Amino acid sequence: MHQTRNKIISEIILQNKLPNYRQNQIFQAIYKENIKSYSEISNLPKNLRQQLEINLGLVLTLKPITQSQDTQAQKMLFETRDGEKIEAVRMTFLPNKQRPYKHNALCISSQSGCAMGCAFCATGALGFRKNLTEDEIVDQYLYFRQNGEDIETIFFSGMGEPFANPNLWEALNIFTYETMIGLSPRRLSISTVGIVPGIERLTKEFPQVNLAISLHTPFNEQREELMPITKQYSINQVFHALDNHVQVTNRKVFVAYTLLGGINDSEDHARALATLIRKRGNKAYLYHVNLIRYHPTGKESRQVSEEKLRKFKEILDIRHIQNTIRQDFGINIEGACGQLAAKEC
């Protein structure tokens, strides 16, 4: 079992019989002051700084390999210490009527590769490589903070299925504990293909963290073909868990729906999706559908026409289903949803 950065720090403090405030000083320096090297923690004794460097090396467990830049997106390719590649994407939302200021969001990975095998996803085509440690998950955020970027929100929607990684929960603790990064849980969002036990645990332990479900079709048989996890957790089972989440938290659930030309973009699909949401009863208004244009992954073109996208949205609107056509980020640098494949430029 891997030893985490925080565990090693705690052991060093214990072995040296140091007061607890020393540990808090180290956490403050790593998670709030964005130091790159333990030698930078000037309020620690020199021998303690040396021990930290000997046992931990540099603060980050990830090495940046390449970066790609688009108008409102920056994609970073990282390498873990055991040689696996992962990607993270910083997205810049420009000021608008709802939010009159610039807003930086970060899409981070929870795994190298992915075992879910979704038919339209480049990450799924890689297969599963490894679960990221909590340090490797958090360090994607710390990298941008170390380089002077303010990150307001974090999306667990990069490479991998978050709920398939048992290290997710400790990463959430690091992000939200006040003695560490100390973000509000409402600034975190987790996207899942529908791992029911993960949804249930999030409801219980992190009810304020935002939840998104990747649905992509309202028809169970078709979803089994597009997303094999459906054979384990049917649409009905997933929505039962989501309904409970909504009842407990009274917070929105975001339903991601990628439109694939000629596959799931018909008017029948739109009507069935609306019916599925309306079945949520008096909490249906808390289900918000994000309509997503298909992002090319090197396979055959599956782009939806703008006319079909407009008609799909119109059907949802008529039936009073909350929905948005999601803004695209990073398509030109293969940094959009479903495109992350950890390729070097």
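For the charge count used here, Lys and Arg are positive and Asp and Glu negative, with His and the chain ends left out.

**Figure 1. The whole chain, charges and all, in a predicted model.**
Counted that way, the protein carries 42 positive and 36 negative side chains, and the centres of the two sets sit 4 Å apart. The fold is built from 11 helices and 12 strands. Put a box around the C-alpha atoms along the principal axes and you get roughly 70 × 45 × 40 Å. The radius of gyration is 21 Å, which agrees with the value near 20 Å for a compact globule of 345 residues. Some 55% of the 345 residues count as buried. Long-range contacts are well represented: take the contacts between residues at least 6 apart in sequence, and 64% of them join residues at least 24 apart. About 15600 Å² of surface is exposed, with carbon and sulfur atoms supplying 48% of it.

**Figure 2. Helix H10 and what covers it.**
H10 runs over residues 267-278, so to speak a 12-residue helix, and spans 16 Å from its first C-alpha to its last, close to the 16 Å expected at 1.5 Å a residue. Its buried residues are His269, Ala270, Ala272, Leu273, Ala274, Leu276 and Ile277. The cover over them comes from both helices and strands, including helix H8 (220-226), helix H9 (235-249) and helix H11 (306-318), along with strand S10 (253-259) and strand S11 (287-293).

**Figure 3. A closer look at His269 in helix H10.**
Buried or exposed, what is His269? With a relative accessible area of 9%, His269 is buried, because that value falls under the 20% cut-off. Setting aside neighbours within four places in sequence, His269 is in contact with Thr217, Pro218, Phe219 and Gln222, and also with Tyr257, Ile263, Asn264 and Phe312.

**Figure 4. Gly182 meets Lys32.**
Look for Gly182 in the loop between helix H6 (168-176) and strand S8 (188-192). Its relative accessible area is 26%, so Gly182 is partly exposed. Which residues does Gly182 contact, leaving aside its neighbours within four places in sequence? They are Lys32, Ile174, Phe175, Thr176 and Tyr177. Lys32 is 150 residues away from Gly182 along the chain, yet the C-alpha atoms of the two are separated by 8.5 Å.

**Figure 5. Thr4 and its partners, Glu134 and Asp135.**
Thr4 belongs to the segment before helix H1 (5-15). Thr4 is buried all the same, with a relative accessible area of 13%. Not counting residues up to four places away in sequence, Thr4 touches Glu134 and Asp135. From Thr4 to Glu134 is 130 residues in sequence but 7.4 Å in space, C-alpha to C-alpha.

**Figure 6. Two loop residues with positive phi, Asn34 and His320.**
Most residues other than glycine have a negative phi. Asn34 has phi near 60°, a positive value in a residue other than glycine. Asn34 lies in the loop between helix H2 (20-31) and helix H3 (46-56). At 16% relative accessibility, Asn34 counts as buried. His320 also has a phi near 60°, and its loop is the one between H11 and strand S12 (323-325). Here the surroundings are another matter: His320 is exposed, with a relative accessible area of 71%.

Notes
Residues numbered from 1 in each chain as written. Predicted model: local features only at pLDDT ≥ 70, side-chain atom pairs only at ≥ 80, totals over all residues. Heavy atoms only, no water. Helix = DSSP H or I, 4+ residues; strand = E, 2+ residues; numbered from the N terminus. Expected span 1.5 Å × (residues − 1). Buried < 20%, exposed > 50% of the residue type's maximum accessible area, 1.4 Å probe, protein only. Contact = heavy atoms within 4.5 Å. Rg over C-alpha atoms; globule rule 2.2 N^0.38 Å. Areas by Shrake-Rupley, 256 points an atom, 1.4 Å probe, with all protein chains shown as cover. Charge placed at Lys NZ, Arg CZ, Asp CG, Glu CD.
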